[in-house]
Amino acid sequence: MTIRYTRQASAATLLLATAAGAFAQDLVVGTSLPFAGPFAQYGETVRDGYQLAVEQINAKGGVMVGGKTHKLKLVILDNQGDPNQVAAQGRKLVQNEKAVALLGALTPMFNVPISVVADSAKVPLVMSLVPIDAWQNARKGGWHYAWNIYAHEPEATTMSWKAADQITTNKKVALFLNSDDDGEIWGRNWAAQAQAAGYQIAYTAKVPMGTTNWSTHVNGAKAAGAEIVLGQLIPPDAIALWKQMKALGFKPKMATCEKCGSGAFWVDALGPVADGTMTADVWVRGMGGPGAAEVTQALGDKWKGKQLTGAVMAYTAVQVLADAMQRAGSTAPQALNEAIGKTDGNFAVGKVKFSLGHAAPVPSLMLQWQGGQALRIVPKDVAVIAPAAGLN
Amino acid sequence: MLALLLDALATGGLYATVALGLSLVAGVMRLLNLAQGEFLVGSVYLMLLVGKTLHVDPLAAVLVALPVVGLVAYGVQRGLLQALMDHGGEAPLVATFGLSIAAQALFQVGFGPAAVTIPSDYGVTGTTVLGHPMRVVSLLALGLGLGLTVLTHALLTHTTYGRALRAAAEDPMAAQSLGVDVRHVFALCFALGAVLTAAGAAVVGLGFSVEPASGLLWLLRAVAVVVIGGMGSVWGTLAAAVLLGLVEEAGAALAGPEYRDVIMFGLLVLILVVRPTGLFGKALR
């Protein structure tokens with residue numbers, strides 16, 4: 001009886017040990033995304049990018065960490081577009097869900113609070129879709145466990161001048177900015193670069209989010225003789241601005257809209273008025289490294305313009321994290337964090353190397369909406385159409 | 001100066017159109033409808049749906065949408081709020097808050113998260129008034145604000161329903177004992193408030209945009225107008241809307257647009273301190 005019991009126990013132990021080796025514990029990766037509010041459409045694109053990457057990694061067996069293969073388990077919490085919920089949700093992901101790493105959302109509004117959680121909980125975080133200076137300036141002394149892969153504003157804002165150089169204008173520029181971190185930093189860079197680039201800032205409107213009446217500013221920009229409009233606005237504000245520019249007869253030869261003119265929703269909302277709008281980006285169909293084609297194939301019909309870029313960047317963030325887990329051979333926070341910092345390779349968006357503190361700058365490019373498609377004009381795939389067709 | 005005044009009038013007209021329904025319900029039913037913004041956003045979605053389904057002009061879609069919104073609101077009041085009103089003022093207030101959250105979730109599922117507008121030339125067409133370029137949609141807002149105020153005032157003062165409404169607002173028990181069907185009158189009032197809001201929604205949809213959560217933005221502005229004007233005061237709503245439009249435009253010109261909310265809600269607090277019943281009294285006029 002004793003012998004029989006011992007044999008059974010040994011067999012059970014062996015079976016459990018084998019199972020543990022074959023089906024190692026899932027590694028939880030968590031994120032808090034906005035599925036309501038002005039950024040909700042981006043929350044969905046980022047979610048799609050994360051889910052696709054995790055599904056593909058798991059379909060190939062998972063991530064090899066310290067000799068064991070682990071599946072990734074993605075936990076997504078909905079912050080309802082409320083940045084005040086992000087920190088609490090981040091802590092919940094770490095404490096309750098036992099997340100070994102976090103993924104970001106977008107913009108400083110959401111990515112700064114999740115970065116604070118990462119640093120305080122000492123859990124590595126990989127993110128994108130937040131311009132580097134806007135994110136780094138939020139933390140004096142720099143981030144320690146948070147890593148960002150995206151455009152660097154001083155380089156991204158030069159895309160506007162490179163696009164403007166292709167058009168004949170009077171070089172007078174009107175800036176339309178939200179008074180948030182992005183608006184502050186993009187506006188500062190444009191203002192600092194304008195003279196050297198041969199342009200003059202003729203009018204600046206800096207307004208709070210939720211602005212509906214733009215008529216004073218549109219008439220101001222018109223009176224200042226501006227032929228170039230550079231915008232850094234949330235979509236609802238920008239939609240109202242574009243409608244009011246059109247209605248009030250302000251006909252700039254060039255109009256860019258960062259954050260706002262970046263997805264199919266821009267064309268859906270404004271119809272022909274959207275045509276000719278430019279927007280800076282870091283990726284476009286046909287570009288990129290491993291995985292970019294898969295993202296385009298899986299999500300290219302669903303998302304256009306910068307929204308598809310959002311999915312590619314999210315996919316890249318998961319790739320970078322998985323790569324670091326494998327190189328670290330561990331999910332211990334410090335080891336994983338150090339491995340992320342040593343990332344140097346090709347991913348969906350292209351080359352990723354954290355060369356600017358905890359940030360990996362991705363080269364910018366400029367797109368223009370032409371006939372419902374966001375096409376690259378800098379570097380040149382197609383010629384710039386000027387004046388901005390929808391506003392003229 | 002003229003440009004500032006015209007812009008302020010246009011902004012005031014828009015705010016009056018959006019706030020009139022809230023003011024009416026607040027004055028008659030003593031209920032601050034926290035789902036007011038969602039009635040506005042939902043009306044825009046409905047107009048979009050009608051326009052796309054029936055392939056009609058946006059203004060025709062508005063005409064189709066108005067009675068539908070009124071019917072829905074009537075049902076909400078009779079089916080939910082009326083029963084709660086019997087238990088005091090807090091329950092229906094909380095219920096409208098719940099409706100607001102539920103409606104946002106429904107919009108998100110039904111229409112997606114992106115900002116949408118009613119596609120129409122009305123929203124992107126301009127004209128000149130006294131040499132100042134203005135949007136047609138701004139003039140529409142101004143006309144609607146003024147016209148709906150006059151119509152609502154006439155309805156309240158020159159019709160049997162208006163008299164019943166005012167009686168129910170003054171003393172529901174006494175009105176009931178005199179043969180007024182107070183429940184029906186309140187439900188009609190709620191429906192009328194929603195229809196007025198839907199008229200404002202047409203302007204918002206044509207000239208601006210909405211997304212599932214943007215009701216709060218319009219609710220806050222409407223509340224500011226109603227509190228400053230005095231709950232239930234029809235002319236007070238118009239006057240407060242124009243005053244807010246003026247203060248907002250002048251404040252933005254003098255102090256900078258970043259102070260818009262500080263100025264608007266600072267004025268709200270100031271009025272509450274100096275005259276808690278609003279500038280134009282507390283009774284339904």
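## Exercises on the cavities and the largest pocket

In this predicted model, the largest cavity holds about 230 Å³ of space, and 18 residues line it, those closest to its centre being Leu129(A), Pro131(A), Tyr150(A), Lys259(A) and Lys306(A).

**Exercise 1.** Work out where the largest cavity lies with respect to domain 1 and domain 2 of chain A.

*Solution.* Begin with the elements: α8 (181-197) and β12 (278-281) of chain A each supply at least two residues of the lining of the largest cavity. Next, take the domains: domain 1 (19-152 + 286-363) and domain 2 (155-281 + 366-391) of chain A both contribute to this lining, and therefore the largest cavity lies between them. Finally, sort the lining by class, which gives ten nonpolar, three polar and five charged residues.

**Exercise 2.** Describe the lining of the second largest cavity, and find which element gives the largest share of it.

*Solution.* The volume of this cavity is about 190 Å³, and among the residues closest to its centre are Asn213(A), Ala10(B) and Phe208(B). In chain B, α1 (2-29), β2 (132-135) and α5 (136-158) each provide at least two lining residues, and the largest share, five residues, comes from α1(B).

**Exercise 3.** Identify the element that gives the most to the lining of the largest pocket, and then classify the lining residues.

*Solution.* The largest pocket contains about 1200 Å³ of space, and its 47 lining residues include Pro38(A) and Ser214(B), which are among the closest to its centre. With seven residues, α9(B) gives the most to this lining. By class, the lining of the largest pocket comprises 24 nonpolar, 15 polar and eight charged residues.

Terms used:
Residues numbered from 1 in each chain as written. Chains lettered and ligands numbered in written order. Predicted model: local features only at pLDDT ≥ 70, side-chain atom pairs only at ≥ 80, totals over all residues. Heavy atoms only, no water. 1 Å grid on protein atoms, 1.4 Å probe; cavity = no way out; pocket = protein on both sides within 12 Å on 5 of 7 lines; lining within 4 Å. Points joined across faces, edges and corners; volume = space filled by probe spheres on them. Helix = DSSP H or I, 4+ residues; strand = E, 2+ residues; numbered from the N terminus. Nonpolar A, V, L, I, M, F, W, Y, C, P; charged D, E, K, R; others polar. Domains from an automatic or database assignment.
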